[in-house]
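Trainee: I would like to ask for a close look at one part of this protein, and then for an account of how its surroundings are arranged.

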Amino acid sequence: MLFGCLAVFLVLRLRWMEHLLMWDEAMNLCTVRSFASGGKDVYSDWFWRYPPLFNTLLLLFRPLQAGFAHRAEWLPLLVGVLQLAMMAVLNRRVFGTGPAVWSCLALSVMPGAVFFGLWIKQDCLVSLLGMLALYLCARQQPLWGGLALGFCFLSKEMAVFYALAIAIVLATERRYRDIVVVASAAFFTSIWWYACFSISLRQFLTFSTGSLANPMELWIHPWHYYGLMLLQDLGWPGIALATIGSAFLIGSKGSRLWPLALFAPTLIVITA
């Protein structure tokens, strides 16, 4: 069954190979190419806009040679396959084999996951490393879970939602010492970037303190934008299944709570 999910996953995504690049994707590619060539322009400066792990991996795809954009699409695809495997392993441990298979099938066919599956952006690494951190914490390995979470933060700041989910999961089991271990490992793994190099963190702090001259420079959508996007990303069947699943998870403790602990706070925070 898992191999069938993998086949569906690949078939639905491979047809989008060599797709028309969106703005963020093109910016990432120009950034990596400029950085690799030693350029000093707006593109090379953008390298410091997000944490470095994803763009550093893109450097392996020969950015200064022809066809870089097409080769770069293989990175999110390969990370996506690892995501599928990670979801299977995590959910098999937490919920059992049946739910693991069904969750992999849902990820394979979910419209939003298919559409964004080949986007050359940092978010795919966040999901992979975030699930790895959750899995390691479920296996009572908080130090390694914190290390994975640290690399998650070195992928993109959205890792904060996985950190929050891990904290909620561990708190329901009263594993407060493990929370400290995970937080410490993640902090010391990633703080060098945020303290010394990050541009986006400074922009966020400027925006949060109200000192940005024009806040709309950072956000031009209404507050409920991501809530409305759920219909396009999940489709009505996905929304119905997510609602039913969330209802069953209410009142759960420990690792069984991870989907709700990740999804609910994320949706609340980004639409607040």
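Which residues lie nearest the centre of the second largest pocket, and how many residues line that pocket?

Mentor: The model is a predicted one. The second largest pocket is lined by 14 residues, and those nearest its centre are F153, A163, A183, A186 and F187. The space in this pocket comes to about 260 Å³. Three helices, α10, α11 and α12 (residues 176-196), each supply at least two residues of its lining. The largest share comes from α12, which gives eight residues. By class, the lining of this pocket has 13 nonpolar residues, one polar residue and no charged residue.

Two of these helices, α10 and α11, are joined by a loop that deserves attention. K156 has its place in this loop, between α10 (142-153) and α11. K156 has a relative accessible area of 10%, and because the limit for a buried residue is under 20%, it counts as buried. Leaving aside neighbours within four places in sequence, K156 is in contact with Y50, P51, K121, Q122, D123, V126 and Y194.

From the pocket one may turn to enclosed space. As a general point, rolling a probe the size of a water molecule over the atoms shows where empty space is left. In this model, the count is one cavity of 30 Å³ or more. About 50 Å³ of space lies in the largest cavity. Its lining consists of L90, L134, C137, A138, I166, V169, L170, S255 and W258. Helix α11 appears here again: α9 (123-138) and α11 (159-172) are the elements that give two or more residues to this lining. The lining of the largest cavity divides into eight nonpolar residues, one polar residue and no charged residue.

Two residues of the cavity lining, I166 and W258, also have a place in the largest nonpolar core. This core has 58 residues, and L58, L149, I166 and W258 touch the most other members. Helix α9 gives the largest share of the core, 11 residues. In soluble globular proteins, nonpolar side chains tend to be buried together. For W258, the contacts can be listed: apart from neighbours within four places in sequence, they are L90, N91, V94, F95, M131, L134 and V169. Among them, L90, L134 and V169 also line the largest cavity.

The aromatic residues form a further part of the picture. The structure holds 14 aromatic pairs. F47 and W48 are one such pair: their ring centres are 5.4 Å apart and their planes stand at 75 degrees, so the pair is edge-to-face. The two partners differ in exposure, since F47 is buried at 4% relative accessibility, whereas W48 is partly exposed at 29%. F115 and W119 form a tilted pair, with 5.9 Å from centre to centre and 50 degrees between the planes. Here F115 is partly exposed, with a relative accessible area of 46%, while W119 counts as buried at 16%. In addition, F35, F47, W48, W192, W193 and F197 form one aromatic cluster. The cluster leads back to the helix with which this answer began, for W192 and W193 fall within the residue range of α12 (176-196).

Two residues in loops complete the account of the backbone. Most residues other than glycine have a negative phi. R62, however, has a positive phi, near 55 degrees. R62 lies in the loop between α4 (53-58) and α5 (68-72), and it is partly exposed, with a relative accessible area of 43%. Q140 also has a positive phi, near 65 degrees. The place of Q140 is in the loop between α9 and α10, and at 51% relative accessibility it counts as exposed because the limit for that class is over 50%.

Finally, C30 is found in helix α2 (residues 23-36). C30 is partly exposed, at 33% relative accessibility. C30 and Y43 are 13 residues apart in sequence, and their C-alpha atoms are 6.0 Å apart in space.

Key
Residues numbered from 1 in each chain as written. Predicted model: local features only at pLDDT ≥ 70, side-chain atom pairs only at ≥ 80, totals over all residues. Heavy atoms only, no water. 1 Å grid on protein atoms, 1.4 Å probe; cavity = no way out; pocket = protein on both sides within 12 Å on 5 of 7 lines; lining within 4 Å. Points joined across faces, edges and corners; volume = space filled by probe spheres on them. Helix = DSSP H or I, 4+ residues; strand = E, 2+ residues; numbered from the N terminus. Nonpolar A, V, L, I, M, F, W, Y, C, P; charged D, E, K, R; others polar. Core = buried A, V, L, I, M, F, W, Y, C linked by side-chain atoms within 4.5 Å. Buried < 20%, exposed > 50% of the residue type's maximum accessible area, 1.4 Å probe, protein only. Contact = heavy atoms within 4.5 Å. Phe/Tyr/Trp six-rings, centres within 6.5 Å; stacked < 30°, edge-to-face > 60°.
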